[in-house]
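Biologist: I'm new to this one and would like a close look at a single part of it. Could you take me through where the two chains meet?

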Number of protein chains: 2
Amino acid sequence: MGAQTSPNRRPFIDLLVEGVEHLGSPICVGLDPVLEKLPEPVRAEHWEPVAAIEAFSTGVIDAVAGIAPVVKLQSACYERYGAAGVRVLEHVAAHARSRGMLVLLDAKRGDIGISAEHYAQAAVGLHANAITVNGYLGPSTIEPYLRAGLGVFVLVRTSNPDSDVVQGVELGDRRSVAGMMGDMVAGIGADWKGERGTLSSVGAVVGATKAADGRMLRERMPDQVFLVPGYGAQGGTQADVRALLRPGPLGAGESGVLVTASRSVIYPTGSEVGGVGIGDSDWGSSVRNAAERLASEIGSITRG
Amino acid sequence: MGAQTSPNRRPFIDLLVEGVEHLGSPICVGLDPVLEKLPEPVRAEHWEPVAAIEAFSTGVIDAVAGIAPVVKLQSACYERYGAAGVRVLEHVAAHARSRGMLVLLDAKRGDIGISAEHYAQAAVGLHANAITVNGYLGPSTIEPYLRAGLGVFVLVRTSNPDSDVVQGVELGDRRSVAGMMGDMVAGIGADWKGERGTLSSVGAVVGATKAADGRMLRERMPDQVFLVPGYGAQGGTQADVRALLRPGPLGAGESGVLVTASRSVIYPTGSEVGGVGIGDSDWGSSVRNAAERLASEIGSITRG
């Protein structure tokens, strides 16, 4: 964890716990901007797609700063525009950092050795504090990010329905594939604890829509923060999130969840077609209200 | 497979089979350029890292064009340099296409729905013919690339030693995790056959160092091309590759393997420290000789 290569001198988990405790609710706003869904005023003002996406992204960050401690940037939505999109991604991440937010790069990278080191350096260069990682290639695909000073969230049980085809399969020892991945995550995470000696900088992605597996995964990963997609729009409920909490009461910072919402916050009044902002000049307020609603709902079940 | 979004009007597998048949040997040269390993003349001429990497990459392509039908670009090595690196990646891929090579983007992407569609569009924009994909999130993480007109190679059994921790684990039904992934790949692949109705545009990554699993995986995936890393430098032998072939004789194009080598070709006389070209002004010839050696070795066991 050399200071030269690290974006933060302190472990990610400590920055996360403090950020959540400061704002009171463990939520994350997911930015996965798609041109066709952007508010009409943004598209009217910015003819070039990447310019519209940058303006929307920084606008969302301005709206949710002070409410959500973390912003999750969906790398694919920026990479789609090639080098120009990656430059926007860097600008957006820098803007989030300047607003006091932690940046989680949702890149789901997974590669070995030197390639993983390169991906880690790329993420550091993009101002990320943490990154989502795919562990199918084994433990050596995860450690390079930690050594570069990043927190990681390893894909364990994702919220999409057909993840069952792989992650839900039963092993010879009665664990599921997700349970096995969880055990691997817990094992690596033991070496990357924060200053309080409890929670780890190695977290896990566990969907709110997979709550039936949630209790099992919490038992296997007592010290992991679960990045929880699937709440709200995808059908996950407050009860589903509650099933993922560490045994408590512990307070929001130590609750062990980070609930992430994308469409329900960044397109708050919108449907799949059209989106929130069509004709809505005050889209920033709508985004802010949606983030406050999410913070309130999740805060009420994690306050301990 | 709308023509508008497709980089090729014909299925990837047909382009691959024809490319291999034309040149006689199913090999792929992997470009994962690391600044410290570049030939001294390249570094002397190009002070800026991305410029040196671009010059080296295009030089390797010029050296192996006409020998290897496919070049594999390690995305991490370019992404490391942010937007500037992605621009170089695009230039390098375009150069390879202009030299008649197929471009395999080794990006190991894995995400769902709209995000996977965006990654697919990004790969098309980078002139890729095919992409490596991680299937841990399920079948829906694979199909968007195919619909965008790309071939895919799904990570099934990778060549790194610690892949055993995940991929080698036994399921309740006695398959391994890799075997299960192989079955999923074969299932998806059945819908994406080439013009000859045999081989599929859905391939699999199967390391030469995992040949003990190779026969089992070949039985599960009779119509998949295996992208085979691990030959040579990592210890895989001709016998290991032979174990991965489709039952034949079939000829190189239908053999069902695409053996990929990186360091042993692009740094042919080099060690881990220093690399080939330190002080070697004729590094291009060394690369060409190494590629010819690889083509000869693999050609001799796949010619049927």
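How many residues of chain A are in contact with chain B, and how many of chain B with chain A?

Modeller: Sure, and keep in mind that this is a predicted model. The count is 45 residues of chain A in contact with 45 residues of chain B. On chain A, several helices each bring at least two residues to the side that touches chain B: α4 (75–79), α5 (82–98), α6 (113–125), α8 (164–167) and α9 (177–189). Of these, α6(A) gives the most, with 7 residues. If you sort the residues on that side of chain A by character, you get 21 nonpolar, 15 polar and 9 charged.

Now for how the two copies are arranged. Chain A lands on chain B after a rotation of 180 degrees with 0.0 Å of shift along the axis, and the RMSD is 0.0 Å. That is how a two-fold axis relates two copies. The same surface serves both of them, as 100% of the contact residues of chain A recur in chain B.

While we're here, let's pick out one spot within chain B. A261(B) sits in strand β8 (residues 257–261) of chain B. A261(B) counts as buried because 29 other C-beta atoms lie within 10 Å, and the cut-off for buried is 20 or more. Leaving out residues up to four places away in sequence, A261(B) touches V29(B), G30(B), Y231(B), G232(B) and L294(B). Take G30(B): it is 231 residues from A261(B) along the chain, yet their C-alpha atoms are separated by 5.6 Å.

Notes: Residues are numbered from 1 along each chain as its sequence is written. Chains are lettered from A and ligands numbered from 1 in the order in which they are written. This is a predicted model: local features need pLDDT of at least 70, side-chain atom pairs count only at pLDDT 80 or more; totals for chains, interfaces and linings use all residues. Helices (H or I, at least four residues) and strands (E, at least two) are DSSP runs, numbered from the N terminus. A residue is buried if 20 or more other C-beta atoms lie within 10 Å of its own, exposed if 12 or fewer, and partly exposed in between; C-beta atoms are placed from the backbone. Two residues are in contact if their C-beta atoms, placed from the backbone, lie within 7 Å. Copies are superposed by least squares on the C-alpha atoms of residues with pLDDT of at least 70 in both. Ala, Val, Leu, Ile, Met, Phe, Trp, Tyr, Cys and Pro count as nonpolar, Asp, Glu, Lys and Arg as charged, and the others, Gly among them, as polar.
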